[in-house]
Amino acid sequence: MSKLVIYHGSKDIIEKPYYHGGKAENDYGFGFYCTESLELAKEWSCSNNENNGFANKYSIDLSGLKILDLTDKRYSILNWIAILLKFRTFDLSNDISIQAKDYLLKNFYIDVNNYDIVIGYRADDSYFSFARDFVNNTIPVRKLSQAMELGQLGKQVVIVSELAFSKLHFEGFETADRLEYFTKRKARDEKAREDYLKGTRKSATLTNDIFVVDIMRKGLKDGDSII
């Protein structure tokens, strides 16, 4: 795959994204957050039902770029959690979660600044709550992995480096109707949260399930086969 077509959902038409735009507190820090799905981009562009959004379309030449694909089997859900802990603000509700943050950052964090593009989960409202439950020792690794499949939120493609930005080409845009796509966005998030509360979070815990406190007690590190 030498070329990729991606979409960025926004309230604005963005012909020229710029390096180090956006917020440092996003999932993967500074970057331009996109998706390969036109429909998801339209949903993400409608954060309210007051204004239409835009799905901006881009193509990017991937040759010569370093890509970190966190959905690849070489990586675990804990790598994603550690990156979230680096950039997002978590409500750490107990002593275990405070220790867990330090431990996960030390042993599972991957420096996204060493890459041009990052591909991974999007920590939308419901998905961020799943991650928070794991760090607070409420759900084990297995249930966290299951929860990330709820709602079919898909992957996001994040343009990180100045080199990657220079290879990004604007291809046009499509308008997203606020009434249609805000409703879809809200329904997707609510369905994921409902399925999580009714199913994943309440499902039986197995004797071999691994909670974050077990990861610390066992001294597990990135790459351990037990995870």
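I started at isoleucine 215: setting aside neighbours within four places in sequence, I found it in contact (heavy atoms within 4.5 Å) with Leu78, Tyr103, Phe108, Phe134, Val141, Ile210 and Leu220.

Note to self: this is a predicted model, where local features need pLDDT of at least 70, side-chain atom pairs count only at pLDDT 80 or more, and totals for chains, interfaces and linings use all residues. Residues are numbered from 1 along each chain as its sequence is written, and side-chain values use heavy atoms, leaving out hydrogens and water.

Next I looked up the largest nonpolar core (buried Ala, Val, Leu, Ile, Met, Phe, Trp, Tyr and Cys joined through side-chain atoms within 4.5 Å). It has 42 residues, and Trp80, Ile81, Phe134 and Ile215 have the most contacts inside it. Elements that each supply at least two of its residues include helix 3 (95–108), strand 5 (117–121) and helix 8 (212–218). Helices here are DSSP runs of H or I, at least four residues, and strands are runs of E, at least two, numbered from the N terminus. Helix 2 gives the largest share, nine residues.

Then I checked helix 2 itself. Ten of its eleven residues are buried, so the rest of the structure largely encloses it. Buried means under 20% relative accessible area, with exposed over 50% and partly exposed in between (1.4 Å probe, protein chains only). Among the buried ones I noted Asn79, Trp80 and Phe87.

Last, who meets whom between helices 2 and 3? I listed Leu78, Asn79, Ile81, Ala82, Leu85 and Lys86 in helix 2 against Lys101, Leu104, Leu105 and Phe108 in helix 3.
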